[in-house]
Amino acid sequence: MARKALMAAAVLGAALLPTTASAATVLGSDAAACESGGPAIRVTVDGLKDRTGELKLELFPANDADFLKDDRDLIKEGKFFRRVRLPTPPTGPIVLCIRVPTPGPYALLFTHNRDGKNKFNLWQDGAGFPSNVRLGRSRPKLAMARIVVPEGVVSTEIRAQYLRGLGGFGPIKDE
């Protein structure tokens with residue numbers, strides 16, 4: 001009986017330990033927004049091809065007309081746009097934060113700019129969205145990127161995808 005109680009306590013204790021993502025340092029210029037309670041999006045990224053270049057989160061209005069629109073056009077039209085970029089950390093878990101102006105729906109894009117140029121290189125760079133649906137060869141749809149931010153901080157995981165031959169974009173390893 002004492003052995004069962006000890007096992008139950010050990011299992012419960014393990015369940016209460018922080019997970020790697022929650023214990024990881026939040027990176028990026030908006031990290032304080034995730035630590036202070038938001039509104040913000042905490043993004044755990046996995047599946048990077050390598051640790052080169054820079055990482056970028058971009059937040060768009062959640063509508064088809066504005067999704068993936070040039071940021072200069074959005075800003076000129078008085079619409080919301082936000083970007084967080086940082087050098088790819090050489091090691092450790094990748095947890096990024098991007099603040100939002102108010103709770104509500106947004107479209108979130110992650111990119112891994114491997115060549116260091118400020119333009120997406122189809123042949124080298126990676127991308128991902130909160131839905132983690134395989135991107136393939138077609139233009140990403142708003143539904144892939146849509147995320148609703150409540151009061152506070154919402155967490156999501158994004159698996160990076162890279163060009164994989166004729167099949168288009170997909171994760172490095174299929175899981």
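**Group meeting: a walk through a predicted model**

The chain has five helices and 11 strands. What you see is a predicted model, and I will start with how far it can be trusted.

The mean pLDDT over the chain is 87, and 86% of the residues score at least 70. Over residues 1-21, however, the pLDDT is below 50, and beyond near neighbours in sequence that stretch has four contacts in the model. Helix H1, residues 2-16, is where confidence is lowest, with a mean of 39. At the other end of the scale is strand S8, residues 146-149, where confidence is highest, at 98. Where pLDDT is low, the predicted coordinates should not be read in detail. I will leave H1 there.

Now the chain as a whole. It has 175 residues, and 41% of them count as buried. If we take contacts between residues at least 6 apart in sequence, 71% join residues at least 24 apart.

Next, the sheets. One is an open sheet of four strands, in the order S1-S5-S2-S9, with mixed pairing. Which strands stand at the edges? They are S1, residues 26-27, and S9, residues 153-159; each has a single partner strand, so one side of each is left without a neighbour in the sheet. S1 runs parallel to S5, residues 94-99, and two bridges join them. Val26 has Val95 in S5 as its bridge partner.

Just before S9 there is a glycine to look at. Gly152 is in the loop between S8 and S9. Its relative accessible area is 18%, so Gly152 falls under the 20% cut-off and counts as buried. What does Gly152 touch, leaving aside its neighbours within four places in sequence? The contacts are Gly37, Gly38, Pro39 and Ala40. For the last of these, Ala40, the separation from Gly152 is 112 residues in sequence, against 6.6 Å in space, C-alpha to C-alpha.

On to S3 and S4. S3, residues 54-61, pairs with S4 in the antiparallel sense, over six bridges. Within that pair, Leu55 stands opposite Leu86 in S4.

The side chains of S4, residues 82-87, alternate. Arg82, Val84 and Leu86 point to one face and are buried. Arg83, Arg85 and Pro87 point to the other face and are not buried. So one arginine, Arg82, is on the buried face, while Arg83 and Arg85 are on the other.

Arg83 deserves a closer look. Its relative accessibility is 28%, which lies between the 20% and 50% cut-offs, so Arg83 counts as partly exposed. Apart from neighbours within four places in sequence, Arg83 contacts Lys56, Leu57, Glu58, Asp71 and Ile98. Arg83 is also 9.6 Å from Asp30, C-alpha to C-alpha, with their positions 53 residues apart in sequence.

Last, the largest pocket. Its volume is about 890 Å³. How many residues line the largest pocket, and which lie nearest its centre? There are 33 in the lining, and Glu58, Leu68, Leu109, Thr111 and Phe120 are nearest the centre. Glu58 is also one of the contacts of Arg83. By class, the lining has 13 nonpolar, seven polar and 13 charged residues. S3, S4, helix H4 (71-76) and strand S6 (104-113) each supply at least two residues of that lining.

To close, the parts to keep in mind are the S3 and S4 pair, joined over six bridges, and the largest pocket, to whose lining both strands contribute. Residues 1-21, with pLDDT below 50, are the part to set aside.

Definitions and conventions
Residues are numbered from 1 along each chain as its sequence is written. This is a predicted model: local features need pLDDT of at least 70, side-chain atom pairs count only at pLDDT 80 or more; totals for chains, interfaces and linings use all residues. Side-chain values use heavy atoms; hydrogens and water are left out. pLDDT is the predictor's confidence in each residue, from 0 to 100. Contact means heavy atoms within 4.5 Å. Buried means under 20% relative accessible area, exposed over 50%, partly exposed in between (1.4 Å probe, protein chains only). Two strands pair if DSSP finds at least two bridges between them. On a 1 Å grid over the protein atoms alone, a cavity is a set of points where a 1.4 Å probe fits but cannot get out, and a pocket is an open set with protein on both sides within 12 Å along at least five of seven lines; lining residues have an atom within 4 Å of a point. Grid points are joined across faces, edges and corners, and a volume is the space filled by probe spheres set on the points. Ala, Val, Leu, Ile, Met, Phe, Trp, Tyr, Cys and Pro count as nonpolar, Asp, Glu, Lys and Arg as charged, and the others, Gly among them, as polar.
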